[in-house]
Amino acid sequence: MPMHDWSRVDPSLCHDFHQCWTMALCDRLNAGVLPKSYSALVEPHGGFTSETFVTDRTTTAEEALSKRANCIAIRYRLDRVVCVIEIVSPGNKAGERAIGSFVAKTLEFLRAGVNVLLVDPFPPTPRDPHSLHKLIWDELNEDDVPFEM
């Protein structure tokens, strides 16, 4: 489904949209879409802490916004994270370091048995020419199964 081209919008406005969309999705999921015992919560990094999250100095406004971006964690009985919904922000694609951190974080979720829904409203960049999805697929793909969109 086509959506607005957020690559043409100031990163601060995109951040506001990201936060509003995240809250709206949580509200809808918690209003009866999810089964009882499951809750959608806005959380930084889906409730995970890890050495894979970059903590060094920010060099761009986009990277600063990506560090403030939240994801939606679907928790079972408010305890175990079973799914993460990640909406990509401009900062997630701001440079090699940002993309590497995003891919590493997503791989950590998947390797921990957490389902991931990745929504990327931005066009590919030179750092992800075939999408963030393919970068993640290539890291997980041990059987050389080709990536298909």
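## A walk from the cysteines to the sheet

Start by selecting Cys-83 and Cys-71: the sulfur of Cys-83 has its closest cysteine sulfur in Cys-71, 9.7 Å away, which is too far for a bond. The cut-off for a disulfide here is a pair of cysteine sulfur atoms within 2.5 Å. Cys-83 itself counts as buried, at 19% relative accessibility. Buried means under 20% relative accessible area, exposed means over 50%, and partly exposed is in between, with a 1.4 Å probe and protein chains only.

Before going on, a word on what you have open: this is a predicted model, where local features need pLDDT of at least 70 and side-chain atom pairs count only at pLDDT 80 or more, while totals for chains, interfaces and linings use all residues. Residues are numbered from 1 along each chain as its sequence is written, and side-chain values use heavy atoms, with hydrogens and water left out.

**Next stop: Cys-26.** Which cysteine sulfur is closest to the sulfur of Cys-26? Again, pick Cys-71: the two sulfurs are 9.2 Å apart, too far for a bond. Cys-26 is buried, with a relative accessible area of 3%. The disulfide count for the structure is 0. A disulfide, remember, is a covalent bond between the sulfur atoms of two cysteines.

**Zoom out and colour by secondary structure.** You should find 4 helices and 4 strands. Helices (H or I, at least four residues) and strands (E, at least two) are DSSP runs, numbered from the N terminus. Trace the chain along its sequence and the pattern reads α-β-α-β-β-α-β-α. Of the 149 residues, 40% count as buried. If you draw contacts (heavy atoms within 4.5 Å), residues 24 or more positions apart make up 69% of those in the chain with a separation of 6 or more.

**Now show just the strands.** They form an open sheet of 4 strands in the order S1-S2-S3-S4, with mixed pairing. Which strands stand at the edges? Those are S1 and S4 (115-119), each with a single partner strand, so one side of each has no neighbour in the sheet. From one strand to the next, the twist averages 20°. For that angle, axes are lines fitted to C-alpha atoms, for helices over the stretch in contact, and angles run from 0 to 180 degrees between N-to-C directions. As for pairing, two strands pair if DSSP finds at least two bridges between them.

**Select S3, residues 80-87.** S3 and S2 run antiparallel and are joined by 5 bridges. Two spots to click along that seam are Ala-73, which stands opposite Val-84 in S3, and Ile-72, whose bridge partner in S3 is Ile-85. The hairpin of S2 and S3 has 3 residues between the strands, and there Arg-77 takes a positive phi near 55°.

On to S4: S3 and S4 run parallel, also with 5 bridges. Keep Ile-85 selected, and add Leu-117 in S4, which Ile-85 stands opposite. Is S3 enclosed or open to its surroundings? Turn on a surface and look: 7 of the 8 residues of S3 are buried, so S3 is largely enclosed by the rest of the structure. While you have side chains on, recall that in a regular strand they alternate between the two faces of the sheet.

**Then the aromatic rings.** Rings of Phe, Tyr and Trp (its six-membered ring) pair if their centres lie within 6.5 Å; planes under 30 degrees apart count as stacked, over 60 as edge-to-face and the rest as tilted. By this rule there are 3 aromatic pairs. One of them is Tyr-38 with Tyr-76, a tilted pair at 5.0 Å centre to centre and 55° between the planes. Tyr-38 lies in S1 (residues 38-43) and Tyr-76 in S2 (residues 71-76), so the pair ties together parts that are 38 residues apart in sequence. Both rings' residues are partly exposed: Tyr-38 at 29% relative accessibility and Tyr-76 at 25%.

Another pair to pick is Trp-137 with Phe-147, also tilted, at 6.4 Å centre to centre with 55° between the planes. Trp-137 sits in helix H4 (residues 132-140) and Phe-147 in the segment after H4, 10 residues apart. Trp-137 is partly exposed at 32% relative accessibility, and Phe-147 is partly exposed at 24%.

**Last stop: Lys-105.** Select helix H3 (residues 96-111) and find Lys-105 in it. Is Lys-105 buried or exposed? Lys-105 is buried, with a relative accessible area of 9%. Add Glu-86 to the selection, and a polar contact of 2.9 Å joins the two side chains. A polar contact is a pair of N or O atoms within 3.5 Å; within protein, one must be able to donate a hydrogen and the other to accept it, and residues adjacent in sequence count only if both atoms are side-chain atoms.
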